[in-house]
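Here are a few exercises to work through with the structure open in your viewer. Try each one yourself before reading the solution.

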Amino acid sequence: ARQPRPVPQEALGVDGGSRVLQFASLSFDASAGELVMTLLAGATLVVPRPEQVVGDAVVRLIADEGVTHAMLPPAFVATLDPESVPTLRGLITGGEACPPEVTARWSSGRTMLNAYGPTESTVCATLSSPLTGAVSAPIGRPVTGTRAYVLGSGLRPVPAGVMGELYLAGDGVARGYLNRPGLTAERFVACPFGEPGERMYR
């Protein structure tokens, strides 16, 4: 079996001297990833005022506060100039597909990773290897504590290269939706590959 990816702070090289940007709103699950990544590494969390997380204000904030690591959506990253944020040595993109032109501009001179993780799997389920050049960023492999399966009909694994549906299992998978038993039954199904009673998110 392949080794799982380390958790984001390890893969990105966040340590006690790092300064991590709290970009996501606290109402968005990605904010938990930023906070936990910072605390587990003993780093500093840079918390901006609301007006500092738009356009050029972010660039000034990163420069003024010496931000070294950030988790940002690709559409936002595409609007920035990589040379305007020389202190940013680690970047995780996520929330949407990261196009080749973004990886081409941003992967040089820093560690750039791409993450995937629906809210139902607690922020980050998979993480790519460091990206280089003009590549369509893959979602990568499961992080520690998470398992990913590409399954076809009857919840059977499909061969490599065959289309299937992605299912996530492991420690981070939620129990379901509050007061929505029908939707919970549809999206959280029994995991035939785990312990009795374990469920997967589809």
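**Exercise 1.** Find the largest pocket in this predicted model and work out what lines it.

*Solution.* Start with the volume: about 420 Å³ of space lies in the largest pocket. Next, look at the walls, which are made by 24 residues; Phe28, Ala30, Gly94, Gly95 and Ala115 are the closest to the pocket's centre. Now trace the lining back to secondary structure. At least two lining residues come from each of α2 (30-41), β3 (69-72), β4 (90-93) and β5 (111-116). The largest share is that of β5, with 3 residues. Finally, sort the lining by class: you should get 15 nonpolar, 6 polar and 3 charged residues.

**Exercise 2.** Decide whether the radius of gyration of the chain agrees with that of a compact globule.

*Solution.* Count residues to begin with: there are 202, so a compact globule would come out near 17 Å. The chain itself has 18 Å, which agrees. For the outline, take the C-alpha trace along its principal axes, where the spans are about 55 × 35 × 25 Å. Then add the surface: the chain exposes about 10,700 Å² of accessible area, and carbon and sulfur atoms account for 57% of that. On the inside, 42% of the 202 residues count as buried. If you want the parts list too, the chain has 6 helices and 11 strands.

**Exercise 3.** Which residues of helix α3 are buried, and what covers them?

*Solution.* Run along α3, residues 55-65, and pick out those under 20% relative accessible area. You're left with Ala57, Val58, Val59, Leu61 and Ile62. A bit of helix geometry is handy here: an α-helix has 3.6 residues a turn, so residues three or four places apart point the same way. Now check the cover over the buried residues of α3, which includes β1 (19-21), β2 (44-46) and α4 (74-77). Last, step off the end of the helix: glycine 66 follows α3, and its phi is positive, near 65 degrees.

**Exercise 4.** Is glutamine 22 buried or exposed, and which residues is glutamine 22 in contact with?

*Solution.* Locate glutamine 22 in the loop between β1 and α2. Its relative accessible area is 7%. Buried means under 20%, so glutamine 22 is buried. For the contacts, skip neighbours within four places in sequence; what remains is Ser31, Glu34, Leu35, Leu45, Val46, Val47 and Pro48. As a last check with the distance tool, the C-alpha atoms of glutamine 22 and glycine 109 should come out 22 Å apart.

Technical notes: Residues numbered from 1 in each chain as written. Predicted model: local features only at pLDDT ≥ 70, side-chain atom pairs only at ≥ 80, totals over all residues. Heavy atoms only, no water. 1 Å grid on protein atoms, 1.4 Å probe; cavity = no way out; pocket = protein on both sides within 12 Å on 5 of 7 lines; lining within 4 Å. Points joined across faces, edges and corners; volume = space filled by probe spheres on them. Helix = DSSP H or I, 4+ residues; strand = E, 2+ residues; numbered from the N terminus. Nonpolar A, V, L, I, M, F, W, Y, C, P; charged D, E, K, R; others polar. Rg over C-alpha atoms; globule rule 2.2 N^0.38 Å. Buried < 20%, exposed > 50% of the residue type's maximum accessible area, 1.4 Å probe, protein only. Areas by Shrake-Rupley, 256 points an atom, 1.4 Å probe, with all protein chains shown as cover. Contact = heavy atoms within 4.5 Å.
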